[in-house]
Amino acid sequence: MLYAAERFRESGSTSVKTVSESLGFSHQRFIRQFQNAVGLTPKLYFRIQRFQSVLDQIVSGKQLSWANVALENGYYDQSHLIHDFREFTGVTPPEYRPVAPDRKNHMLPG
């Protein structure tokens, strides 16, 4: 399962199916094994890793194109990125204000 977690961290486009097949597990068995080992389903773990990559880009201070950020991180499109962003933070990407670059998971109030 460490291999699977690493694959999800490294790539914004690796699918659960691809990883489970590379390990020789059925899809359902892989999901159960991963959840038992990590505490999250592979899909949720992957989404969190992808979201963390987006936060890294935001706190880098560089000028960003949200469409490019979405594509670089394996989102289908910008609206898909915004949906995940809202689900994890409660705000849209332009509304996100981290406490500090090294504390990207902590936001300043409204």
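How much area does the protein expose, and what share of it do carbon and sulfur atoms supply? The exposed area is about 6,800 Å², and carbon and sulfur atoms supply 50% of it. The model is predicted, and its pLDDT averages 90, with 97% of the residues scoring at least 70. Confidence varies along the chain: among the elements, helix H1 (residues 2-10) has the lowest mean pLDDT, 82, while H6 has the highest, 96.

The secondary structure consists of six helices and zero strands, which reads along the sequence as α-α-α-α-α-α. Taken along the principal axes, the box filled by the C-alpha atoms is roughly 45 × 25 × 20 Å. Of the 110 residues, 31% count as buried. Among contacts with a separation of 6 or more, 42% are between residues 24 or more positions apart.

The interior can be taken up next. The largest nonpolar core has 13 residues, and those with the most contacts inside it are Val 54, Leu 55, Ile 58, Tyr 75, Leu 81, Phe 85 and Tyr 96. Three helices each supply at least two residues of this core: H4 (42-59), H5 (66-72) and H6 (78-89). H4 gives the largest share, five residues. Apart from this core lies another, of nine residues, which include Val 16, Val 19, Phe 30 and Phe 34. Within the largest core, Leu 81 is one of the residues with the most contacts. Leaving aside residues up to four places away in sequence, Leu 81 touches Val 54, Trp 66, Val 69, Ala 70 and Tyr 75.

A polar residue in the loop between H5 and H6 deserves a separate look. This is Asn 73, and is its side chain buried or exposed? Asn 73 counts as buried because its relative accessibility is 5%, and the cut-off for buried is under 20%. Two polar partners can be listed for its side chain. The side chain of Gln 57 joins that of Asn 73 in a polar contact of 2.5 Å. In addition, a polar atom of the Asn 73 side chain lies 2.8 Å from the backbone oxygen of Val 69. Val 69 is also among the residues that Leu 81 touches. The C-alpha atom of Asn 73 is separated by 7.1 Å from that of Ser 53, although the two residues are 20 residues apart along the chain.

The charged side chains come next. Side chains of opposite charge can pair when their charged atoms come close. The structure holds four salt bridges. One of them is formed by Arg 47 and Glu 87, with the closest N and O atoms 3.3 Å apart. Arg 47 belongs to helix H4 and Glu 87 to helix H6, so this pair ties together parts that are 40 residues apart in sequence. The two partners differ in burial: Arg 47 is buried, at 13% relative accessible area, whereas Glu 87 is partly exposed, at 47%.

Asp 84 and Arg 50 form another salt bridge, and here the closest N and O atoms are 3.3 Å apart. This pair also links distant parts of the chain, with Asp 84 in helix H6 and Arg 50 in helix H4, 34 residues apart. Asp 84 is buried, with a relative accessible area of 2%. Arg 50 counts as buried too, at 8% relative accessibility.

Which parts of the chain does the salt bridge between Lys 104 and Asp 56 tie together? The side chains of these two residues meet at 2.4 Å, N to O. Lys 104 lies in the segment after H6 and Asp 56 in helix H4, so the pair ties together parts that are 48 residues apart in sequence. Lys 104 is buried, with a relative accessible area of 17%, while Asp 56 is partly exposed, at 41%. Elsewhere, salt bridges that share partners join Arg 47, Arg 50, Asp 84 and Glu 87 into one network.

Helix H4 recurs in this account. H4 supplies the largest share of the largest nonpolar core, and it holds Arg 47, Arg 50 and Asp 56.

How values were computed
Residues are numbered from 1 along each chain as its sequence is written. This is a predicted model: local features need pLDDT of at least 70, side-chain atom pairs count only at pLDDT 80 or more; totals for chains, interfaces and linings use all residues. Side-chain values use heavy atoms; hydrogens and water are left out. A nonpolar core is a set of buried Ala, Val, Leu, Ile, Met, Phe, Trp, Tyr and Cys residues joined through side-chain atoms within 4.5 Å. Buried means under 20% relative accessible area, exposed over 50%, partly exposed in between (1.4 Å probe, protein chains only). Helices (H or I, at least four residues) and strands (E, at least two) are DSSP runs, numbered from the N terminus. Contact means heavy atoms within 4.5 Å. pLDDT is the predictor's confidence in each residue, from 0 to 100. A polar contact is a pair of N or O atoms within 3.5 Å; within protein, one must be able to donate a hydrogen and the other to accept it, and residues adjacent in sequence count only if both atoms are side-chain atoms. Accessible areas come from the Shrake-Rupley method with a 1.4 Å probe; for residues, only the protein chains shown count as cover.
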